[in-house]
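Dear colleague,

I am handing over the structure we spoke about, together with a written account of what was found in it. Please read the account with the coordinates open beside you.

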Amino acid sequence: MNKDSEYFFIDINIVTMKIVNWGISDTATLTGDTDDKDVHRIFLTKGQYNKLKKYLR
């Protein structure tokens, strides 16, 4: 993965308000839409992602 195209994200189920996935992707959508209509992707800065990662592991 090219460092210039890393997108840090969390996926949230908007029905249950739970984090269902998190990670790094090489593609991004402008809307945050995913294949699952109940899941929305929120993009983070690298610093936000690293801080969140400490709490999720």
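Which residues form one aromatic cluster? Before the answer, please keep in mind that this is a predicted model, and that every value below was computed from it. The cluster is formed by F8, W22 and Y49, and I return to its pairs once the sheet has been described.

The sheet

The strands make up an open sheet of three, in the order β2-β1-β3, and their pairing is antiparallel. Because β2 and β3 each have a single partner strand, they stand at the edges, and one side of each is left without a neighbour in the sheet. From one strand to the next, the twist averages 25°.

Between β1 and β2, which run antiparallel, there are seven bridges; I12, for instance, stands opposite I19 in β2, and D11 has N21 in β2 as its bridge partner. On the other side, β1 is joined to β3 by six bridges, again with the two strands running antiparallel, and here the bridge partner of N13 is V39 in β3. As for burial, β1 is mostly covered, with six of its seven residues buried.

The helix α1 lies across β1, β2 and β3, and runs at about 130° to β2.

The turn between β1 and β2

β1 and β2 form a hairpin, with four residues between them. M17 is located in this loop, between β1 (7-13) and β2 (18-25), and deserves a look when you check the backbone: its phi is positive, at about 60°, although M17 is not a glycine. M17 counts as exposed, because its relative accessibility is 62% and the cut-off for that class is over 50%.

The aromatic pairs

How many aromatic pairs does the structure hold? There are three of them, and two are described here. F8 and Y49 form a tilted pair, with 5.1 Å from centre to centre and 40° between the planes. This pair links distant parts of the chain, since F8 belongs to strand β1 and Y49 to helix α1 (residues 46-56), 41 residues apart. F8 counts as buried because its relative accessibility is 9%, and Y49 is likewise buried, with a relative accessible area of 6%.

The rings of W22 and Y49 have their centres 6.0 Å apart and their planes at 50°, so this pair is tilted as well. It too links distant parts of the chain, with W22 in strand β2 and Y49 in helix α1, 27 residues apart. W22 has a relative accessible area of 26% and is therefore classed as partly exposed. Taken together, F8, W22 and Y49 are the members of the one cluster asked about at the start.

The charged side chains

A search of the whole structure finds two salt bridges. In one of them R41 is paired with D11, the closest N and O atoms being 2.7 Å apart; this pair links distant parts of the chain, with R41 in strand β3 (residues 39-44) and D11 in strand β1, 30 residues apart. Buried or exposed, where do these two residues fall? R41 is buried, and D11 is buried too. R41 also lies over the face of F9, at 3.6 Å from the ring centre, so that a single side chain is named both in a salt bridge and in a contact with an aromatic face. The other salt bridge joins K37 to D38, and its closest N and O atoms are 3.4 Å apart. K37 counts as exposed because its relative accessibility is 72%, whereas D38, at 24% relative accessibility, counts as partly exposed.

With kind regards

Note on methods: Residues are numbered from 1 along each chain as its sequence is written. This is a predicted model: local features need pLDDT of at least 70, side-chain atom pairs count only at pLDDT 80 or more; totals for chains, interfaces and linings use all residues. Side-chain values use heavy atoms; hydrogens and water are left out. Buried means under 20% relative accessible area, exposed over 50%, partly exposed in between (1.4 Å probe, protein chains only). Rings of Phe, Tyr and Trp (its six-membered ring) pair if their centres lie within 6.5 Å; planes under 30 degrees apart count as stacked, over 60 as edge-to-face and the rest as tilted. A charge sits over a ring if NZ of Lys or CZ of Arg is within 6 Å of the ring centre and within 35 degrees of the ring normal. A salt bridge is a side-chain nitrogen of Lys or Arg within 4 Å of a carboxyl oxygen of Asp or Glu. Two strands pair if DSSP finds at least two bridges between them. Axes are lines fitted to C-alpha atoms, for helices over the stretch in contact, and angles run from 0 to 180 degrees between N-to-C directions. Contact means heavy atoms within 4.5 Å.
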